[in-house]
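This report goes through a predicted model. It takes up a helix, a sheet, a ligand shell and a single residue in turn.

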Amino acid sequence: MGDVTFVHGSGEALPFADASFDLAISEYGVCLWCDPYRWVPEAARVLRPGGELIFLTNGLLSVLCMDEAGTATTTTLHRPLFGLRAQEWPDDDGDDSVEFHLPHGEWIRLLHEHGLQVERLTELRAPEVRDHAIRLRERQLGAQLAQRGNLGGAQGRWRLIAVR
Ligand SMILES: C[S@@+](CC[C@H](N)C(=O)[O-])C[C@H]1O[C@@H](n2cnc3c(N)ncnc32)[C@H](O)[C@@H]1O
């Protein structure tokens, strides 16, 4: 690729000057794996006035209804909405992971605090992804479990666009 430069760094401490980008985008990356109270100020800092932040992450309801092992979305609430922030998922190999999620209202408050105005919040549900996830889950867990509401990766996502 011609004029593209790749820089290795953390979304919580971007190695870039203030107001140096027109667009910051995270598709299931920094917006999920970094602490929002660290990455949102950083994204706001590096955007120029009028610059756009776009990010896509897991559906909020799916996070609340994900079982304790983090393997299947259920039809039961497993954790409270309020106080949601760092969500730890255990891993059999000892390679535990931490994701970050906030209630939608808290995302909007945090973005505003850092000078970002929300233009659009879109809840997505792609049918082909959902059907594929159900088939995969049926193969992994058996049809009976899948029918009870364990739809695996079929939890949907949401995307937010904010402008500085
Ligand atoms: C599921 S992938 C998504 C990739 C993304 N769609 C993209 O285009 O780069 C998750 C990405 O988040 C990145 N990531 C995780 N923690 C990060 C951090 N603290 N700072 C920057 N990137 C991070 C990983 O390196 C990985 O590339």
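In helix α2, the buried residues are P36, W39, V40, A43 and A44. These residues lie on the same side of α2, because the arc they cover around the axis is only 135°. Their packing partners are β1, α1 (30-33), β2, β4 (97-100) and α4.

Two of these partners, β1 and β2, belong to an open sheet of four strands. The strand order is β1-β2-β6-β5, and the pairing is mixed. At the edges stand β1 (21-27) and β5 (117-124), each of which pairs on one side only. On average, neighbouring strands of the sheet are turned by 10° against each other, direction ignored.

Helix α2 (residues 36-46) packs on this sheet, where it touches β1 and β2. Helix α4 (residues 104-113) packs on the sheet as well, touching β5 and β6. The angles between helix and strand directions are set out below.

| Helix | Strand | Angle between directions |
|---|---|---|
| α2 (residues 36-46) | β2 | about 145° |
| α4 (residues 104-113) | β5 | about 155° |

Strand β6 (residues 157-163) pairs with strand β2 (residues 47-58) in the antiparallel sense, over seven bridges. Strands β5 and β6 also run antiparallel and are joined by seven bridges. R157 of β6 appears in both pairings: R157 is the bridge partner of N58, and L124 stands opposite R157.

How many of the eight residues of β5 are buried? The count is zero, and this strand is hardly covered.

The ligand is surrounded by S10, G11, E12, E27, Y28, G29, V30, W33 and C34. By class, this shell divides into four nonpolar, three polar and two charged residues. One of the shell residues, E27, falls within the range of edge strand β1 (21-27).

The last item is V98, which is found in strand β4. Is V98 buried, exposed or partly exposed? V98 counts as partly exposed because it has 13 C-beta neighbours inside 10 Å, whereas a buried residue needs 20 or more and an exposed one has 12 or fewer. Leaving aside neighbours within four places in sequence, V98 is in contact with A86, Q87 and E88. Between the C-alpha atoms of V98 and L32 the separation is 8.8 Å, although the two residues are 66 residues apart along the chain.

Terms used. Residues are numbered from 1 along each chain as its sequence is written. This is a predicted model: local features need pLDDT of at least 70, side-chain atom pairs count only at pLDDT 80 or more; totals for chains, interfaces and linings use all residues. Two strands pair if DSSP finds at least two bridges between them. Helices (H or I, at least four residues) and strands (E, at least two) are DSSP runs, numbered from the N terminus. Axes are lines fitted to C-alpha atoms, for helices over the stretch in contact, and angles run from 0 to 180 degrees between N-to-C directions. Two residues are in contact if their C-beta atoms, placed from the backbone, lie within 7 Å. The arc is that of the directions from the helix axis to the C-beta atoms. A residue is near a molecule or strand if its C-beta atom, placed from the backbone, lies within 6 Å of it. Ala, Val, Leu, Ile, Met, Phe, Trp, Tyr, Cys and Pro count as nonpolar, Asp, Glu, Lys and Arg as charged, and the others, Gly among them, as polar.
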